[in-house]
Amino acid sequence: MKAWRTDGITYLDNVKKCDEIMDRAGAKPERLFRPPYGQITRELAKILRKTHRIIMWDVLSWDFDASPPAKLGLSRTIGATGPGSIIVFHDNYKAESKVRYMLPGFLEHFAKQGYMFKSLAGLNSSADRFW
């Protein structure tokens, strides 16, 4: 759902539906929101910031793109990642085969270098990619 092509009421209704599903699944009370496609209007962001932490990213793994091989995607993702990066890997059927290859290699690469991985909930909200 792209913010530029969706009216605000529908966009917010979809966020609410997702919140309800997460509540039923027993998710933690903190609300994190990654705008689909990285698109959100100022008006929607202002409304959502009252109830959610809006999370952006600096590295997109392109795991959903069928054209480059997973090995190349892993190499590019590793090359684009640095300290403090927020990386998007997708958990859907389009990305599944690539993620199953890329994510273990990605985690192994950075673990060997001594990097630590944290959940977004544990990060400082003053970081640039938090709104």
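Guide: Before we start, a word on terms: helices are DSSP runs of H or I with at least four residues, strands are DSSP runs of E with at least two, and both are numbered from the N terminus. The model you see above is a predicted one.

Visitor: Thanks! In what order do the elements of the chain run from the N terminus on?

Guide: Let's begin with the inventory: the secondary structure comes to four helices and four strands. The chain has 131 residues, of which 30% count as buried. Read from the N terminus on, its elements run α-β-α-β-β-α-β-α.

Visitor: And what does the C-alpha trace span along its principal axes?

Guide: Sequence separation is a good place to start. Among contacts between residues at least 6 apart in sequence, 64% join residues at least 24 apart. As for the dimensions, the C-alpha trace spans, along its principal axes, about 40 × 35 × 30 Å.

Visitor: Which helix gives the most to the largest nonpolar core?

Guide: Happy to walk through that. The largest nonpolar core has ten residues, namely Ala 3, Tyr 11, Val 15, Phe 33, Ile 40, Leu 44, Ala 45, Leu 48, Ile 54 and Met 56. Two helices, α1 (8-24) and α2 (42-48), each supply at least two of them. With three residues, the element that gives the most to this core is α2.

Visitor: Which residues does Phe 33 touch, leaving out those up to four places away in sequence?

Guide: Phe 33 is one of the ten residues of the largest nonpolar core. Among the residues Phe 33 touches is also Arg 53, which lies in strand β2 (residues 53-54). Beyond four places in sequence, the full list of residues that Phe 33 touches is Tyr 11, Val 15, Ile 40, Leu 48, His 52, Arg 53, Ile 54 and Ile 55.

Visitor: Is Arg 53 buried or exposed?

Guide: For this one we need the cut-off: a residue is buried when its relative accessible area is under 20%. Arg 53 comes out at 16% relative accessibility, so Arg 53 counts as buried.

Visitor: How far apart in space are Arg 53 and Glu 30, C-alpha to C-alpha?

Guide: In sequence, Arg 53 and Glu 30 are 23 residues apart. In space, their C-alpha to C-alpha separation is 8.1 Å.

Visitor: Which residues are in contact with Asp 19, leaving aside its neighbours within four places in sequence?

Guide: Asp 19 lies in helix α1. At 15% relative accessibility, Asp 19 counts as buried. With its sequence neighbours within four places left aside, Asp 19 is in contact with Arg 31 and His 52.

Visitor: Why do the buried residues of α3 line one face of the helix?

Guide: In helix α3 (residues 70-80), the buried residues are Ala 70, Gly 73, Leu 74, Thr 77 and Ile 78. Viewed down the axis of α3, these buried residues line one face because they fall within an arc of 130°. An α-helix has 3.6 residues a turn, so residues three or four places apart point the same way. On the other side of α3, the exposed residues are Lys 71, Arg 76 and Gly 79.

Visitor: What do the buried residues of α3 pack against?

Guide: Two of these buried residues, Leu 74 and Ile 78, also belong to a second, separate core of six residues that includes Phe 106 and Phe 110. The partners that the buried residues of α3 pack against are β3 (59-60), β4 (87-88) and α4 (96-112).

Visitor: At what angle do the axes of α3 and α4 cross?

Guide: Two packed helices are described by the angle between their axes and the distance between the axes. The crossing of α3 and α4 is right-handed, and the residues of the contact divide into seven nonpolar, four polar and two charged. The axes of α3 and α4 come within 9 Å, and they cross at roughly 35°.

Visitor: Where does Tyr 37, which has a positive phi, lie?

Guide: Tyr 37 is not a glycine, yet its phi is positive, about 60°. Tyr 37 is exposed, with a relative accessible area of 56%. Its place is the loop between β1 (32-33) and α2.

Visitor: What is the relative accessible area of Trp 62?

Guide: Trp 62 also has a positive phi, near 60°, in a residue other than glycine. Trp 62 lies in the loop between β3 and α3. Trp 62 is partly exposed, and its relative accessible area is 47%.

How values were computed: Residues are numbered from 1 along each chain as its sequence is written. This is a predicted model: local features need pLDDT of at least 70, side-chain atom pairs count only at pLDDT 80 or more; totals for chains, interfaces and linings use all residues. Side-chain values use heavy atoms; hydrogens and water are left out. Buried means under 20% relative accessible area, exposed over 50%, partly exposed in between (1.4 Å probe, protein chains only). A nonpolar core is a set of buried Ala, Val, Leu, Ile, Met, Phe, Trp, Tyr and Cys residues joined through side-chain atoms within 4.5 Å. Contact means heavy atoms within 4.5 Å. The arc is that of the directions from the helix axis to the C-beta atoms. Axes are lines fitted to C-alpha atoms, for helices over the stretch in contact, and angles run from 0 to 180 degrees between N-to-C directions. A crossing is left-handed if the near helix is turned anticlockwise from the far one by less than a right angle, and right-handed if clockwise. Ala, Val, Leu, Ile, Met, Phe, Trp, Tyr, Cys and Pro count as nonpolar, Asp, Glu, Lys and Arg as charged, and the others, Gly among them, as polar.
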